[in-house]
Amino acid sequence: MTVFKENFLDGKVSLVTGASRGIGREIALNLARYGSYVFINYNKDEKSATELKYEIEKFNGKCEVMKFDVSNSVDVKSSIENISKEFKKLDILVNNAGIAKAALALRFKEDEYDEVMDSNVKGHFNCIKYCLPLLLRSNSSSIVNLSSVLGITGDMGNSVYATSKAAILGLTKSIALEYASKNLRVNCIAPGFIKTDMTAQVSEEVTKIVLSKIPLKYQGNPIEIANCILFLVSDAAKYITGQTFSVDGGMVMR
Ligand code: NAP
């Protein structure tokens with residue numbers, strides 16, 4: 001059973017960054033399932049992005065694969081220009097692409113610091129900056145940014161990742177304030193511990209500790225994030241902007 005009307009995103013155009021795998025993949029699938037045309041962005045994993053395209057086409061969804069590195073402003077700008085040649089507007093931007101690198105601050109290497117900040121913060125900013133002209137041509141558009149529970153709570157061994165994700169909270173509020181008068185809403189999701197390649201790297205020992213801190217007692221699934229995003233981009237959320245939603249089984253409270 002679904003709370004959303006079939007094809008309620010008909011006529012909408014969406015861009016989901018980092019949609020080849022994990023949470024982004026599920027977000028792109030969900031948007032396409034409800035009728036949106038979806039640009040599936042990836043950086044390295046062309047095979048998975050193409051497989052997703054075929055999966056969407058199986059249910060007659062409409063989509064296109066688009067390679068660019070979110071941290072490279074030249075790359076982002078020219079890719080968005082290509083969207084504007086095809087469509088006069090963009091309705092939904094989901095800034096999902098991101099990477100995680102864990103190490104204690106004393107051991108964190110400068111080039112890795114730059115890599116995390118460039119992918120997670122500059123990447124969000126680049127996509128917002130270059131998509132804005134297209135988003136403002138829609139009469140009701142929406143951006144959803146991906147932060148993390150760690151951006152709210154901080155975490156031992158994750159200072160750089162947590163810093164990058166905390167930055168997204170400020171970015172979300174600032175862009176929400178800048179463009180509310182144009183009916184562009186900007187919100188943020190702070191996922192908890194979700195089953196993807198990113199968390200597959202976490203050791204069994206740490207996984208056990210993290211699971212013990214989740215009040216709802218299980219590791220989240222990408223669809224649980226994607227469903228919250230579906231709500232945020234829908235008219236049901238038309239009075240919501242500048243907010244962060246924790247989708248984490250209650251983890252942020254522990
Ligand atoms: P994932 O499984 O590692 O997938 C990451 C995705 O981001 C891939 O599609 C990857 O594309 C893409 N990507 C990475 N760097 C990119 C770049 N520079 N340009 C374009 N695409 C890039 O990660 P995930 O777990 O789904 O996480 C998705 C988002 O949720 C991230 O922002 C992450 O920080 C956030 N988050 C995840 C969790 C969790 O528990 N999983 C928790 C909190 C927040 P390629 O494969 O093509 O490289």
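This briefing looks at the nonpolar cores and the cysteines of the structure above. The model is predicted, so to speak of local features a pLDDT of at least 70 is needed, side-chain atom pairs count only at pLDDT 80 or more, and totals for chains, interfaces and linings use all residues. Residues are numbered from 1 along each chain as its sequence is written, and side-chain values use heavy atoms, with hydrogens and water left out.

**Nonpolar cores**

- The largest nonpolar core (buried Ala, Val, Leu, Ile, Met, Phe, Trp, Tyr and Cys residues joined through side-chain atoms within 4.5 Å) has 33 residues, and Leu31, Ile189 and Ile229 touch the most other members.
- Buried here means under 20% relative accessible area, with a 1.4 Å probe and protein chains only.
- At least two residues of this core come from each of α1 (22-33), β2 (37-42), α2 (46-58), β4 (92-95), β5 (141-146) and α9 (222-233); helices (H or I, at least four residues) and strands (E, at least two) are DSSP runs numbered from the N terminus.
- The most is given by α9, with seven residues.
- Leaving aside residues up to four places away in sequence, Ile229 is in contact (heavy atoms within 4.5 Å) with Ile27, Val94, Val144, Leu146 and Ile189.
- Another core, of 29 residues, lies apart from this one and includes Ala97, Leu135, Leu169 and Tyr179.

**Cysteines**

- Counting disulfides as pairs of cysteine sulfur atoms within 2.5 Å, the total is zero.
- Cys127 is in no disulfide, and the nearest cysteine sulfur, that of Cys131, is 5.9 Å away.
- Cys127 is buried, at 0% relative accessibility.
- Cys188 is in no disulfide either, with the nearest cysteine sulfur, that of Cys228, 10 Å away.
- Cys188 also counts as buried, with a relative accessible area of 0%.

Terms used: Buried means under 20% relative accessible area, exposed over 50%, partly exposed in between (1.4 Å probe, protein chains only).
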